[in-house]
Amino acid sequence: MHDLKVIVVGAGIGGRRRIRVPPNSVRLSRSWGVDFEAIPKETSLGNRFVDWHGNHLLDCPFDDVQDRYGAPYYFIHRADLIDALVSAVKRSPRIILRMGTPVASTAIKSAARPSITGSSISPIDTGDVAYRILVPTASLLASPDPHIPLPRHAVGYPLRNGTLYNIIIDVTHTTDLGAPLESDEWRSDADNACLVERFKDWCPAVRELCALTGRYLKWKLADFKELERWVEEREGRVALLGDACHPMMPYLAQGAAQATEDAAALAAALRMYDDIPTALKAYEAQRKPRSAYIAYNTRVLQNWLHLYDGEEQRRRDELMKHDNSENPIFWGFSERKDWLFGHDSANLKLSQPIPLPPSMPPTESSVYLN
C-alpha cells in the first residue's frame, strides 16, 4: 500500500521514564535511522539476582546478545531516546512532527480507547508501588561501600555514560488491589524523609542509598485485562498500540520494546495489504498473542520476585538454578530468552501465528489479572 496519510497520536515510548532498550527494540530502531552512537547510554552485561540477604541466586548474562540477536542491550534515559527518535523523524521529508497539538491521549489512560473497544476500561491497581530514584553516580562512588545490593526487589543500573544511577524499588501493597485508579493517583512526589522511614529496616547499603536521595517519584503500577480488540470495528481505520492496548508490569523491561514492535508490525501490515481494514486486522492478529503472553508473564514474575522468606521462596531459589521451563525467572530459560530478544516484528509472515514458548510456572499463592 502506498501514499497513505497516517496520523500517529502520542509517542510515549510505552510510558517509561528511564528505559531499558533490549535487542528486539534496538534492531528495529536502528533500521529506522535512530543513531544510538549519539545517545549517552550504558550497555547491559546481564541481570544478576540476589536475595535480600545478599546471597547470589542467578546470573543471566547478556554478553552474547550482539552476536546472538544482532544488537546490544542498552540502558537509556527516556529523554535521550526521545531526542534521538525526534532527530530520526526530522531527517525524513515525509514526516510532519507537531508538538502541543490537542489530541486524545493514547497511553494506558487513553481517552480514545473506548471508541475502539466499545466500552470504558479503567486501569486497575496491581498492588505494587515503584519508588523511582535517580542519583548522581559520584555520590554512590563516594560511599565507603559503593555497591547496590538487590534486597527483595530492587533494580539498579547506570545511565548517561555512567554519570547517573537509576534505582527502582518495587513494593507490594494490598490496600487498593484491583481498584480502578483515578488520574490523580498515578504518582506522587516526595522527599527522602518518607523513603528513609519506609526502608529503615532494609540492609545498610539500601538505607544509605535512601539517604542520598533527594526528591523522588512514587508510582502506582497499573494494568488492565486483555482487550477484546485493538482496531475500531465500524470502519476499521483506527488502531491502538503500546500501553493503550497492552500495558504491562515493568518486571520484564519490555513495555517500550513492545510498543516499538507494534510500530514495526503495523508498518509491515500496511505494506503487505491493499486496504487499511485488512492491514489493521492482520497487525492485531499478529501482535495480540505475543504482547498478551509477555504481559501475563510480567504478572507471574511479580509474584516470584516478591515472596517472603519461607518454603515457596526456597523452592524458587532451587528452580532458578536450572535452564528449563520451570525456571521462575523469564531469562533463566534460554528458549524464552531467545524468543523474547530474537523476535523481528518487521519481517514476519503476517498470515502465520507466532509460536509461544512455555510460560514461567506460577507461584502457589499467585493472584493474576485474568
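I took helices (H or I, at least four residues) and strands (E, at least two) as DSSP runs, numbered from the N terminus. The model I examined is a predicted one.

**Entry 1. The whole chain**

On that basis I counted 11 helices and 10 strands in the protein chain. I then looked up burial and found that buried residues make up 50% of the 370 residues. For contacts with a separation of 6 or more, I noted that 77% join residues 24 or more positions apart.

**Entry 2. Strand β8 and its partners**

I asked how many of the residues of β8 are buried. The count is 8 of the 9 residues, so β8 is largely enclosed by the rest of the structure. I next looked up the strands that pair with β8. Strand β6, residues 124–136, runs antiparallel to β8 and is joined to it by 9 bridges. Within the pairing of β6 with β8, I found Leu-134 opposite Asn-166. Strand β7 also runs antiparallel to β8, with 6 bridges between them. There I recorded Leu-159 opposite Leu-164 in β8.

I followed the connection from β7 to β8 and found a hairpin with 4 residues between the strands. Arg-160 lies in this loop, between β7 (154–159) and β8 (164–172). Its phi is near 50 degrees, a positive value in a residue other than glycine. I also checked the accessibility of Arg-160: the relative accessible area is 27%, so the residue is partly exposed.

**Entry 3. A second hairpin**

I turned to strand β3 (residues 46–50) and strand β4 (residues 56–61), which pair in the antiparallel sense over 5 bridges. I looked up the bridge partner of Val-50 and found His-56 in β4. The two strands form a hairpin with 5 residues between them. In the turn, Gly-54 has a positive phi of about 95 degrees.

**Entry 4. Arg-20 and Ala-253**

I located Arg-20 in strand β1, residues 18–21. Is this arginine buried or exposed? Arg-20 counts as buried, because its relative accessibility is 17% and the cut-off for burial is under 20%. I then listed its contacts, leaving aside neighbours within four places in sequence. Arg-20 is in contact with Tyr-73, Tyr-74, Phe-75, Val-155, Tyr-157, Pro-250 and Ala-253. For Tyr-73 I also noted the spacing: 53 residues from Arg-20 in sequence and 7.4 Å in space, C-alpha to C-alpha.

Ala-253, one of the contacts of Arg-20, warranted its own look. I placed Ala-253 in the loop between β10 (216–223) and α8. Its phi is positive, near 55 degrees, in a residue other than glycine. Ala-253 counts as buried, because its relative accessibility is 13%.

**Entry 5. Helix α8 against α9**

I examined how α8 packs against α9 and found an angle of about 155 degrees, with the axes 8 Å apart. That makes α8 roughly antiparallel to α9, because angles over 145 degrees count as such. The crossing is right-handed. On the α8 side I listed Gln-258, Glu-261, Asp-262, Ala-265, Leu-266, Ala-269 and Leu-270. They meet Ala-279, Leu-280, Tyr-283, Arg-287, Arg-290 and Ile-294 in α9. By class, this contact has 8 nonpolar, 1 polar and 4 charged residues.

**Entry 6. Helix α8 against α1**

I then looked at α1, whose axis comes within 9 Å of that of α8 and crosses it at roughly 45 degrees. That makes α1 oblique to α8. The crossing is left-handed. Asn-24, Ser-25, Leu-28 and Ser-29 in α1 meet Ala-257, Gln-258, Thr-260, Glu-261 and Ala-264 in α8. I sorted the residues of this contact into 3 nonpolar, 5 polar and 1 charged. Gln-258 and Glu-261 are listed in the contact of α8 with α1 and also in that of α8 with α9.

**Entry 7. Helix α11**

Last, I asked which residues of helix α11 (residues 334–341) are buried. They are Arg-336, Lys-337, Trp-339, Leu-340 and Phe-341. I traced what these buried residues pack against and recorded α1 (23–31), β4, α2 (65–69), α8 (255–272) and α9 (276–305). The list thus returns to β4 of the hairpin in Entry 3 and to the helices of Entries 5 and 6.

Conventions: Residues are numbered from 1 along each chain as its sequence is written. This is a predicted model: local features need pLDDT of at least 70, side-chain atom pairs count only at pLDDT 80 or more; totals for chains, interfaces and linings use all residues. Side-chain values use heavy atoms; hydrogens and water are left out. Two strands pair if DSSP finds at least two bridges between them. Buried means under 20% relative accessible area, exposed over 50%, partly exposed in between (1.4 Å probe, protein chains only). Contact means heavy atoms within 4.5 Å. Axes are lines fitted to C-alpha atoms, for helices over the stretch in contact, and angles run from 0 to 180 degrees between N-to-C directions. Angles under 35 degrees count as roughly parallel, over 145 as roughly antiparallel, 65 to 115 as roughly perpendicular and the rest as oblique. A crossing is left-handed if the near helix is turned anticlockwise from the far one by less than a right angle, and right-handed if clockwise. Ala, Val, Leu, Ile, Met, Phe, Trp, Tyr, Cys and Pro count as nonpolar, Asp, Glu, Lys and Arg as charged, and the others, Gly among them, as polar.
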